[in-house]
Amino acid sequence: MKILQSTSIAAIITVATLYSCKPKNTGSAVSGDAAAKAYVAPGKYDEYYNFVSGGFSGQMSVYGLPSGRLLRVIPVFSVDPEKGWGYSEETKPMLNTSHGFVPWDDLHHTEMSQTNGEIDGKWVFANGNNTPRLARIDLKTFRTAEILELPNSAGNHSSPFGTENSEYIVAGTRFSVPSDEDNGDVAINSYKKNFKGHISFVSVAKETGEMKLAFQLKTPGVNFDLARAGKGKSHGWFFFSCYNTEQASTLLEVNASQKDKDFIMAVNWKKAEEYIKAGKGKKVKAKYAHNTFNESTQTANSKMEEEVLVLDVKEFKDIVYFIPCPKSPHGCDVDPTGEYIVGSGKLAALIPVFSFDKIQQSIASKSYDGDYEGIPVIKYESALYGEVKKPGLGPLHTEFDGKGNAYTSFFVSSEVVKWNIKDLKVLDRVPTYYSVGHLSIPGGNTKKPSPKYLVAYNKITKDRYLPTGPELAQSAQLYDISGDKMQLILDYPTIGEPHYAQSAPADIIRNNGQLKLFKLAENKHPYVTMGEANAKVTREGNKVHVYMTSIRSHFAPDNIEGIKVGDEVYFHVTNLEQDWDVPHGFAIKGADNAELLIMPGETTTLKWVPKKAGMFPMYCTDFCSALHQEMQGYIRVSPAGSNVPLTFSLGKAVPETK
Ligand code: K7E
Ligand code: CUA
């Protein structure tokens with residue numbers, strides 16, 4: 001343990017090499033008795049929906065718990081050829097940013113919307129870590145409904161964490177950078193002078209969920225890592241873990257590990273909100289995309305916002321306070337009562353637990369240890385409730401069971417440790433396979449956890465599964481935590497790299513008005529084709545619009561002639577089905593994007609620019625009926641300048657041309 005308190009990087013590396021991802025207990029497997037706890041019989045539903053971040057896949061996956069069955073993969077900050085997401089004309093604007101079309105991101109955290117501190121099953125939010133963005137997924141459609149880019153930020157890691165009524169979802173910048181309106185073309189080693197942090201407060205409309213960048217707090221230049229909103233008595237406050245208070249810009253593994261303590265930043269957001277309402281915010285120029293998916297036109301729109309309201313925290317004495325927290329804190333988690341704030345120093349050999357009441361008393365009595373760039377630093381001891389001693393190595397994240405216990409993940413020592421919040425005593429520990437990151441208990445970050453299962457999301461799988469070349473799937477491990485001792489009951493691979501995940505009781509989502517199909521009669525898409533009789537092909541210059549329908553088992557039209565090289569062809573395909581779970585696909589030879597997958601009642605557009613003359617078959621990609629394989633057609637492409645007339649048909653030969 002001593003070794004970890006040393007600031008020598010060599011010592012840290014030695015410890016990491018000694019302990020990280022070292023297979024131990026590799027023979028461990030669950031007994032038949034334990035496996036039965038995770039068994040969900042064929043045809044039966046799971047108890048929970050589990051929403052899992054995909055990390056560098058840019059997606060979110062949906063599993064059932066306790067079975068670990070994969071139910072769905074939702075493209076969020078990613079294109080998905082399976083669904084045509086990001087390839088269809090309707091969905092491309094979702095991935096627009098101030099940098100243009102950015103079809104990828106790094107999604108670390110999920111945040112389910114809450115009402116009164118409990119999961120309400122309406123939306124799940126996600127962060128894009130690279131080109132800073134926030135996404136909202138609608139849990140009626142399991143589709144990404146909105147993406148908001150964040151200005152003045154880089155690496156939106158400390159996000160998307162929400163308040164107990166989803167008043168705000170916050171987004172703290174991981175990299176401090178010069179503000180967007182300032183010239184960023186400065187020497188990197190001018191960090192201390194030019195680099196600033198920004199925390200975004202994004203409001204969420206109660207009914208529609210629509211996000212709005214309400215205001216930003218401009219802070220000293222540090223790295224924001226994670227955050228949690230206060231709840232109950234601490235509602236109105238937010239807590240952020242910060243590292244690199246050394247303000248290093250190079251070799252951070254050494255240079256940002258110099259100080260014995262970094263900070264947790266406590267933010268009185270109700271106060272900040274008052275200042276904003278009183279007109280104290282500064283309007284700052286910034287360009288950031290706001291993309292929304294309109295369900296009645298089934299089309300996304302991207303709008304470029306022009307300004308943001310900013311409060312510089314230095315100018316207000318009562319918004320922000322720093323609390324020292326041992327070495328490079330990662331997780332910063334608030335217990336269900338809102339009284340205890342748990343910091344997790346990645347390089348610390350203890351877990352500090354802060355008290356909200358003591359933080360308030362410290363502020364009232366000005367129990368400060370000087371300031372950091374003009375922001376008061378509360379004395380460590382006056383904010384501290386106590387420390388969990390020798391819990392393990394490399395604490396990262398903590399979840400709660402609502403019964404007075406906390407569960408912390410330890411990356412380096414590969415284990416989950418259960419401890420009591422009141423007396424800070426370790427109660428139980430179980431190994432993970434291997435190098436665990438986040439933990440997730442259904443409702444484990446809310447006021448009302450449901451303490452039955454805990455899932456550990458592991459970074460390294462090594463010998464747990466059949467080898468699949470140099471890369472192995474990451475894994476999730478499910479533990480039964482209903483008793484005093486945690487018990488491993490299931491182990492299953494995940495999509496992408498899982499970071500945080502959350503679960504909700506299945507009924508909340510199943511009964512939230514799940515959309516089974518789009519009503520054709522309410523389809524407001526500008527290129528909808530309401531029935532086969534309306535199918536047609538029109539030409540405006542070199543743009544050709546195909547108003548096409550699909551129904552089991554044909555397209556209308558299915559023969560088109562008169563397309564020329566140099567044309568831009570738009571296939572607007574309307575799925576006429578009005579039955580649950582009957583999508584049709586659409587694909588055409590040589591198209592340089594992906595298929596379309598069109599839901600019942602929906603219209604979706606594929607753009608195709610044929611580059612050579614010839615015969616181009618098209619077909620349905622989704623096995624929709626016994627005669628699915630017959631669901632096909634032909635497009636004839638003639639050379640540019642040819643005089644083949646534009647014709648289209650279904651069920652009869654195209655009139656012969658002489
Ligand atoms: Cu610990 Cu990005 Cu939440 Cu991963 S972070 S583990
Ligand atoms: Cu429609 Cu297969």
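Trainee: Which residues are around ligand 1?

Mentor: This is a predicted model, and a shell is read by a distance cut-off: a residue belongs to it if one of its heavy atoms lies within 4 Å of the ligand. Here the residues around ligand 1 are H108, H109, H157, L226, H330, H397, G437, H438, K459 and H499.

Trainee: How many residues of each class does the shell around ligand 1 have?

Mentor: Eight are polar, one is nonpolar and one is charged. Gly counts as polar in this scheme, and G437 is among the shell residues.

Trainee: Which strands each supply at least two residues of that shell?

Mentor: They are β6 (107–115) and β30.

Trainee: What is the order of the strands in the open sheet with β30?

Mentor: A sheet is read by listing its strands from one edge to the other. In this case there are four, in the order β30-β31-β32-β33, and the pairing is antiparallel. The edge strands are β30 (436–440) and β33 (487–493), each of which pairs on one side only. From one strand to the next, the twist averages 25°.

Trainee: How many bridges join β31 to β32?

Mentor: Six bridges join β31 (residues 453–458) to β32 (residues 475–480). For the register, take a pair of facing residues: Y453 stands opposite D480 in β32.

Trainee: Which strands stand at the edges of the open sheet β20-β21-β22-β25?

Mentor: This sheet of four strands also has antiparallel pairing. At its edges stand β20 (329–334) and β25 (384–389); each has a single partner strand, so one side of each is left without a neighbour in the sheet. Neighbouring strands here are turned by 20° against each other on average, direction ignored. Inside the sheet, β22 (residues 350–355) is joined to β25 by five bridges, and I351 stands opposite V388 in β25.

Trainee: Which strands does helix α7 lie across?

Mentor: A helix on a sheet is read by the strands it touches and its angle to one of them. Helix α7 (residues 356–364) lies across β21 (340–345), β22 and β25, and runs at about 65° to β22.

Trainee: In which sense does β18 pair with β13, and in which with β17, parallel or antiparallel?

Mentor: Sense is read from the strand directions. With β13 (residues 211–219), β18 (residues 299–312) pairs in the parallel sense over three bridges, and Q216 stands opposite V310 in β18. With β17 (residues 282–294), β18 runs antiparallel, joined by 11 bridges; Y288 stands opposite E305 in β18.

Trainee: Which residue takes a positive phi in the hairpin of β17 and β18?

Mentor: Q298 does, near 55°, and the hairpin has four residues between the strands.

Definitions and conventions. Residues are numbered from 1 along each chain as its sequence is written. Chains are lettered from A and ligands numbered from 1 in the order in which they are written. This is a predicted model: local features need pLDDT of at least 70, side-chain atom pairs count only at pLDDT 80 or more; totals for chains, interfaces and linings use all residues. Side-chain values use heavy atoms; hydrogens and water are left out. Two strands pair if DSSP finds at least two bridges between them. Axes are lines fitted to C-alpha atoms, for helices over the stretch in contact, and angles run from 0 to 180 degrees between N-to-C directions. Contact means heavy atoms within 4.5 Å.
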